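Subject: Handing over the protein and DNA model

Dear colleague,

I am passing this structure on to you, and I would be grateful if you could look through it with the notes below at hand.

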There are 4 protein chains.
Amino acid sequence: MARKSANSRDEILDAAAECFMEMGIEAASISDIARRLGATKGRVYHHFASKGALLSDVRIHAIDTMSAALEEAIDFDLPPEQNFYNMAHRHVTALLKTLPYHKVDLQKSNLSGEKSTTPYERELLEQIRVKRTEYGEAFRKVIAQGIETGVFRKVQVSVTLHSVLVLLNAPVFWYQSRGEDPAAEQNRIADELATLALNALLARPDSATS
Amino acid sequence: MARKSANSRDEILDAAAECFMEMGIEAASISDIARRLGATKGRVYHHFASKGALLSDVRIHAIDTMSAALEEAIDFDLPPEQNFYNMAHRHVTALLKTLPYHKVDLQKSNLSGEKSTTPYERELLEQIRVKRTEYGEAFRKVIAQGIETGVFRKVQVSVTLHSVLVLLNAPVFWYQSRGEDPAAEQNRIADELATLALNALLARPDSATS
Amino acid sequence: MARKSANSRDEILDAAAECFMEMGIEAASISDIARRLGATKGRVYHHFASKGALLSDVRIHAIDTMSAALEEAIDFDLPPEQNFYNMAHRHVTALLKTLPYHKVDLQKSNLSGEKSTTPYERELLEQIRVKRTEYGEAFRKVIAQGIETGVFRKVQVSVTLHSVLVLLNAPVFWYQSRGEDPAAEQNRIADELATLALNALLARPDSATS
Amino acid sequence: MARKSANSRDEILDAAAECFMEMGIEAASISDIARRLGATKGRVYHHFASKGALLSDVRIHAIDTMSAALEEAIDFDLPPEQNFYNMAHRHVTALLKTLPYHKVDLQKSNLSGEKSTTPYERELLEQIRVKRTEYGEAFRKVIAQGIETGVFRKVQVSVTLHSVLVLLNAPVFWYQSRGEDPAAEQNRIADELATLALNALLARPDSATS
DNA sequence: GATGAATGAGTTTTCATTCAT
DNA sequence: CATGAATGAAAACTCATTCAT
């Protein structure tokens with residue numbers, strides 16, 4: 001019923017994410033996106049003010065999905081290493097489940113200065129910046145906690161935080177579903193990466209810190 | 001000497017790397033690159049057959065630089081954990097020293113399907129693929145060695161190899177030179193990341209690995 | 001010789017002025033202008049940064065032509081009424097000689113607020129504003145002089161200045177060359193309008209002005 | 001009353017006149033007009049068949065307003081110079097009272113050739129042409145009368161008529177309400193312009209015609 | 001009456017590339 | 001070697017208009 005229009009918008013978002021991912025953000029044209037929908041450019045522009053706005057909406061969707069997933073995994077009452085592992089694991093499975101969106105987000109997160117953007121587009125970009133920062137804060141908190149309790153090494157928090165997040169996003173660069181059971185495969189990868197990240201942080205009992 | 005033209009070519013390469021990095025590969029036009037050189041498009045086309053070729057040459061330069069640096073650090077007679085640390089450390093310092101080139105390379109390494117390219121350009125792309133794989137092989141070898149000798153955990157080599165390389169490339173996503181002594185800063189970051197990567201791989205004495 | 005490229009630019013300017021005049025500024029597309037030249041849109045954009053810049057250049061050309069003509073007619077050593085008549089007459093003949101440009105200028109001089117313009121385009125608009133004001137100043141001066149010497153009525157200078165200029169531009173709204181000798185026709189019209197404008201200003205001997 | 005719909009139609013007309021004036025006729029979109037009304041495009045299309053029809057209706061409204069006002073001022077029993085002054089004065093006050101409409105009318109009156117228009121739109125345009133001509137006839141008549149009685153100079157009627165009307169429309173090009181009492185301000189301007197126009201026509205007692 | 005979605009044709013603009021000089 | 005003009009194809013975006021509800 002009233003879902004029709006919501007669907008229309010979301011359909012476009014999906015098609016856009018896939019096109020951006022496959023062809024690259026700049027290389028994918030609005031026509032490409034429309035063609036994938038079996039629709040016209042006009043339809044896209046009826047729902048999104050510009051290509052930039054469409055891209056930003058794809059990215060916001062990506063981040064919101066991750067945030068919602070992470071929320072469910074977080075438990076600061078657990079020991080930091082447990083909590084961290086759970087968060088990292090959930091991060092990876094969420095990432096793999098809506099990969100196109102995250103490939104797009106990552107592709108763009110890199111680039112800083114845009115050409116002339118409208119105020120509206122600048123606002124969307126600011127929104128993205130804020131959401132990304134907030135997302136990182138949960139990880140920053142658990143890492144700080146782990147260092148405090150001595151279970152994590154005394155790392156430079158800033159460098160480490162950003163780098164660990166890049167590590168957990170790594171599948172964006174190489175994941176391609178193979179034939180096997182997707183759920184199992186995703187779980188295997190999530191475990192491997194979460195373990196990798198956790199070990200990177202853990203203090204080694206023999207060596208005093210360092 | 002025939003240095004004049006070599007310089008001219010390298011200047012273009014530098015300008016291209018910076019433009020591609022700052023504006024994004026597609027968004028940067030040949031005009032932008034020429035303008036940065038204080039020259040005209042004609043000069044660029046004298047040295048490079050097409051934008052695609054120029055881009056590939058930037059990427060090849062990026063990889064060659066890294067390979068040359070890594071070569072100097074590798075020593076398979078060292079214990080794997082020592083060798084790995086040295087390689088990782090060198091990877092990061094080399095990366096930071098010519099960051100624009102690597103930002104460009106990373107930006108593109110993601111994307112798979114290209115439009116119609118000329119045979120010449122396809123050959124350059126194949127060259128890049130080969131060089132990248134070769135580069136990774138050195139790391140694959142030291143990781144395999146470490147697992148064999150029991151000093152590294154029994155990880156899924158493929159997932160881990162790619163992910164560790166992404167981790168070591170992480171500065172591409174967040175590095176911005178701060179005021180401090182660049183050499184010192186780059187060394188500090190390289191140490192942090194190499195340690196992070198090494199710890200991620202090391203077997204833990206207490207736990208019977210994982 | 002080196003005139004070729006100057007010609008190319010001026011040819012475009014001419015074609016643009018004619019198209020803008022005949023079809024209206026917004027209705028005339030760059031394609032229309034290119035078609036009239038037997039050229040491509042690309043050629044137009046090679047010489048002018050945007051449609052707005054092209055339009056502004058047409059207008060600047062219009063004003064510069066008028067200014068150069070007026071310059072020759074001005075002589076502040078003459079009695080104000082003589083000087084005014086000469087200026088007005090010259091204004092009209094200059095106007096009629098390059099009518100397309102002035103129709104375009106008038107068409108736009110009306111509109112105030114533009115959408116988002118680039119800094120470069122804003123600069124051109126400012127240039128136009130300044131040139132137009134300067135042009136008017138010559139007339140303001142002779143009117144003020146005439147009032148001082150008592151040969152002109154004591155009018156509200158601002159209202160009168162602007163209105164008299166509109167009157168002298170009136171042919172823009174109705175002139176269509178008829179069969180007769182153009183030079184003679186233009187002279188006849190210029191005399192009629194200059195006389196009209198002069199009489200509008202002159203003090204009437206019998207009536208104590210008002 | 002059936003006033004509701006009349007109001008709705010007039011509201012649209014007002015909004016259209018303002019948009020056309022501020023942004024230019026072509027630049028103002030139906031969306032802009034609807035937005036100004038706080039309504040949707042659909043509402044506009046309910047009352048007006050097309051953008052061209054809406055524009056023509058604005059122009060017809062403009063002319064009808066002027067005609068109605070002029071009607072009240074005309075009195076051919078008065079001496080021509082008196083009658084002319086009254087008509088001119090009334091023209092200006094009527095103009096100032098509904099300026100947006102007249103700015104739109106003037107903006108378009110210039111342009112001759114239209115693209116392909118529907119028969120209905122062509123009919124509206126013809127209506128406008130007729131009404132404008134009729135409006136001018138009243139002035140043509142009083143001028144002819146004045147020349148006959150010798151109170152006006154022996155001008156070329158056609159050139160003079162059109163030019164005097166342009167002069168009386170001049171505020172369209174420069175009027176901007178200042179702080180002062182609007183009625184007084186408008187009266188002051190109307191007097192200045194009517195006097196200007198009248199003097200332009202009057203025979204000078206000393207000089208035998210010329 | 002009014003709305004919101006959708007269309008399709010057109011418009012401005014960009015840009016890699018070619019070529020004569 | 002290098003320039004500047006020119007091209008042609010494609011891209012982003014606009015908008016009057018139609019139509020189902």
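The notes that follow deal with the DNA surface and then with two of the chain interfaces.

Please bear in mind that this is a predicted model, in which local features need pLDDT of at least 70 and side-chain atom pairs count only at pLDDT 80 or more, while totals for chains, interfaces and linings use all residues. Residues are numbered from 1 along each chain as its sequence is written, chains are lettered from A and ligands numbered from 1 in the order in which they are written, and side-chain values use heavy atoms, with hydrogens and water left out.

DNA strand E is surrounded by 29 residues, the closest being H47(A), Y45(B), Y45(C), T40(D) and H46(D), where a residue counts as near if one of its heavy atoms lies within 4 Å of the strand. By class this surface has seven nonpolar, 14 polar and eight charged residues (Ala, Val, Leu, Ile, Met, Phe, Trp, Tyr, Cys and Pro count as nonpolar, Asp, Glu, Lys and Arg as charged, and the others, Gly among them, as polar). At least two of its residues come from each of α3 (41-47) of chain A, α3 (41-47) of chain B, α3 (41-47) of chain C and α3 (41-47) of chain D; helices here are DSSP runs (H or I, at least four residues), numbered from the N terminus.

On the DNA side, 64% of the atoms of strand E within 4 Å of the protein belong to sugar or phosphate, and the rest to bases. A polar side-chain atom of T40(D) lies 2.7 Å from a phosphate oxygen of strand E, and a backbone N or O atom of I30(C) is 3.0 Å from a phosphate oxygen of that strand, whereas K41(C) has a polar side-chain atom 3.4 Å from a base oxygen.

Turning to the protein interfaces, chain A gives 39 residues and chain B 42 residues to their contact, with contact meaning heavy atoms within 4.5 Å. The area buried between chain A and chain B is about 3700 Å², with carbon and sulfur atoms giving 59% of it (buried area is the accessible area, with a 1.4 Å probe, that two parts lose on being put together, summed over both). N110(A), F173(A) and R204(A) supply 17% of what chain A buries against chain B, more than any other three residues. The rule finds zero salt bridges across this interface (a side-chain nitrogen of Lys or Arg within 4 Å of a carboxyl oxygen of Asp or Glu).

For the other interface, chain D can be laid on chain C with an RMSD of 0.2 Å by a turn of 179 degrees and a shift of 0.1 Å along the axis, the copies being superposed by least squares on the C-alpha atoms of residues with pLDDT of at least 70 in both. The two copies are thus related as by a two-fold rotation axis, and the C-alpha of A200(D) is the one in chain D nearest that axis, at 2.0 Å. Since 91% of the interface residues of chain D are also interface residues in chain C, the copies meet through the same surface.

Here 43 residues of chain D are in contact with 39 residues of chain C, and the buried area is about 3700 Å², of which carbon and sulfur atoms give 58%. Zero salt bridges are found by the rule between chain D and chain C.

With best wishes

How values were computed:
Polar contact = N/O pair within 3.5 Å; in protein donor to acceptor, adjacent residues only side chain to side chain.
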